Amino acid sequence: MDENFNIVIIDEDENTGKIIKSYLSSNEKVNICGVFTDFETGLEALSKIGKCVLFIDVSRNFDRAVVQIKNIKDNYKDVFVAALSDKTSTENIIKVMRAGAKEFITKPVIQTKFLEIIEEIKAEYFLTEQIDTCKIISTFSNKGGIGKTSIAVNLAVELAQMTKEKVALIDLNLQLGDVATFLDLSPAFAIDYISDNINNLNDEDLLKAMTRYKNTSLYVIADPLNVDKSQDITAEQIKKILSALKKNFSYIVIDIASNIDSKTIMALDYSDLILLISTANLPAIRSTQRCMEFFKKLNYGSEKTKLVLNRYMDNEEIKTPDIEEVFKQKVYWKIPNNYLTMMSAINKGVPVNEINSEANISVNYKTFAAKVSDYLITERLSKNFYNKQ
Ligand SMILES: Nc1ncnc2c1ncn2[C@@H]1O[C@H](COP(=O)(O)OP(=O)(O)OP(=O)(O)O)[C@@H](O)[C@H]1O
Ligand SMILES: [Mg+2]
């Protein structure tokens with residue numbers, strides 16, 4: 001670890017700089033490159049310093065600060081941003097993290113908590129430890145034809161569109177998956193090739209073996225081109241693929257097959273969020289109930305498993321409160337029934353948004369993606385941040 005740990009502080013209140021400096025005075029290899037009370041001067045210094053951790057106060061003029069963080073992340077890839085604020089509403093924290101900040105530190109800055117956060121930033125800065133910011137979202141149901149693929153595909157497209165971050169979409173329906181068809185892709189390589197070669201593919205090779213969706217930040221791993229290849233793919237190989245993707249992607253969306261085998265369980269285990277898909281009719285509710293019982297045995301809590309009702313209609317005979325009563329869990333999201341838009345999207349091989357961006361289902365998917373992304377950021381923060389308060 002010969003590299004210096006460079007630090008820049010931008011805060012209108014010059015006391016913050018003094019406090020942070022004093023907290024770091026005994027910290028090895030820390031190099032405080034500059035303390036600025038004015039943003040423009042601080043930004044100018046950033047362009048000369050290169051790799052550094054920037055502590056930036058967002059308490060005053062919050063909206064402007066969020067834009068500034070976004071600009072910094074767009075222009076200076078090596079700058080780790082840690083936001084400081086005396087206003088800690090969840091909404092503010094999410095906005096700042098979405099703009100690209102890695103940490104959110106409450107003011108007044110308390111020494112022990114600050115030093116704990118510094119250790120985490122240091123680990124990532126020196127790459128001694130991979131900080132796990134990639135999140136895995138799965139769509140699952142033990143019933144076929146319920147909407148797993150439609151949801152995985154449209155959610156992944158919207159996540160990529162909204163965050164502009166890299167999103168991987170994996171088809172784990174290894175015998176005749178539908179993801180490539182739903183997006184009209186003709187993959188040159190598929191999951192069988194990637195599984196066979198996972199030990200030898202570097203990050204660049206892996207990305208090349210995936211199929212990019214148009215000009216977006218969404219990359220797809222399709223089901224095997226030959227059905228007979230599906231049997232050769234192991235749970236261990238899938239685990240390796242997920243680990244490799246986690247290094248370079250912000251989100252991984254997995255369309256999981258309905259049958260419960262070792263691959264399904266591995267993917268479910270690895271997921272941060274399982275969207276358990278159901279519909280408001282008795283057979284679907286019964287099988288979702290069985291699925292919930294199975295998840296309980298696997299020790300999945302309600303923070304990991306969320307109930308999604310697909311093809312929802314306002315005049316359903318079985319009402320949402322009845323369903324919630326059965327599952328003893330809130331319905332996380334409802335996707336409206338819109339057969340014409342959905343069928344047209346599938347037949348044309350595009351997301352629903354491209355058929356009609358104003359259709360209820362398209363608007364719903366946009367809001368859904370925002371909710372999922374906000375939830376995952378909040379979960380990450382509650383683990384990395386709130387428990388340090
Ligand atoms: N919100 C919706 N409104 C209307 N139709 C829908 C909706 N979501 C999905 N569908 C329709 O339901 C059918 C099944 O969807 P999909 O293929 O996504 O389900 P699946 O669970 O992936 O199925 P499988 O188990 O075969 O993989 C499709 O024909 C699709 O058009
Ligand atoms: Mg499917």
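I count a residue as buried when its relative accessible area is under 20%. Y332 comes out at 12% relative accessibility, so I put it down as buried. Note to self: I am looking at a predicted model throughout.

**Entry 1: Y332**

I went to Y332 and found it in strand β13, which covers residues 331-336. Which residues does Y332 touch, once neighbours within four places in sequence are left aside? I get L275, K306, L307, F368, K371, V372 and Y375. I also checked Y332 against Q175: the two sit 157 residues apart in sequence, and their C-alpha atoms are 30 Å apart in space.

**Entry 2: helix α1**

Next I looked up α1, residues 14-24, and asked which of its residues are buried. My list reads T16, G17, I20, Y23 and L24. Looking down the axis of α1, I see these buried residues within an arc of 130 degrees, so they line one face of the helix. I turned to the other side of α1 and found E14 and K18 exposed there.

What covers the buried residues of α1? The cover includes four strands, β1 (5-10), β2 (30-36), β3 (52-57) and β4 (79-85). Helix α5 (111-125) is also part of that cover.

I then checked the N-terminal end of α1, where D13 acts as the cap. A side-chain oxygen of D13 lies 3.0 Å from the backbone nitrogen of N15.

**Entry 3: D11 and K107**

I stepped back to D11, which sits in the loop between β1 and α1. Is D11 buried or exposed? With a relative accessibility of 2%, D11 counts as buried, because my cut-off for that is under 20%.

The side chain of D11 has a polar contact with the side chain of K107, at 2.8 Å. Not counting residues up to four places away in sequence, I have D11 touching T16, F36, T37, D57, L84 and K107. T16 I had already noted as one of the buried residues of α1.

K107 has something else worth writing down: a cis peptide bond joins it to P108, with omega at about 0 degrees. I placed P108 in the loop between β5 (103-106) and α5.

**Entry 4: the largest pocket**

I looked for the largest pocket and got about 1,400 Å³ of space in it. Which of its 40 lining residues are closest to the centre? They are K73, G100, K102, E165 and S250.

I sorted the lining of this pocket by class and got 18 charged, 15 nonpolar and seven polar residues. Then I asked which elements each supply at least two residues of the lining. On that list I have the helices α3 (62-75), α4 (90-99), α5, α6 (148-163) and α16 (360-384), along with strand β4. I had met β4 and α5 before, as part of what covers the buried residues of α1.

**Entry 5: positive phi values**

I checked backbone angles and stopped at N61, which is not a glycine but has a positive phi of about 50 degrees. N61 is in the loop between β3 and α3. Its relative accessibility is 47%, so I list N61 as partly exposed.

R311 is another residue other than glycine with a positive phi, here near 55 degrees. Where is R311 found? I have it in strand β12, residues 305-312. At 40% relative accessibility, R311 goes down as partly exposed.

**Entry 6: T341**

I looked up T341 in helix α14, which takes in residues 339-348. Its relative accessible area is 10%, so I count T341 as buried. With neighbours within four places in sequence set aside, T341 is in contact with V352, I355, A359 and I361.

**Entry 7: N4**

Last, I went to N4, in the segment before β1. N4 has a relative accessible area of 39%, so I have it as partly exposed. Leaving out residues up to four places away in sequence, I find N4 touching K29, N31, Y125 and F126.

How far is N4 from L282 in space, C-alpha to C-alpha? I get 62 Å, for a pair that is 278 residues apart in sequence.

Key:
Residues numbered from 1 in each chain as written. Chains lettered and ligands numbered in written order. Predicted model: local features only at pLDDT ≥ 70, side-chain atom pairs only at ≥ 80, totals over all residues. Heavy atoms only, no water. Buried < 20%, exposed > 50% of the residue type's maximum accessible area, 1.4 Å probe, protein only. Arc of directions from axis to C-beta. Contact = heavy atoms within 4.5 Å. Polar contact = N/O pair within 3.5 Å; in protein donor to acceptor, adjacent residues only side chain to side chain. 1 Å grid on protein atoms, 1.4 Å probe; cavity = no way out; pocket = protein on both sides within 12 Å on 5 of 7 lines; lining within 4 Å. Points joined across faces, edges and corners; volume = space filled by probe spheres on them. Nonpolar A, V, L, I, M, F, W, Y, C, P; charged D, E, K, R; others polar.
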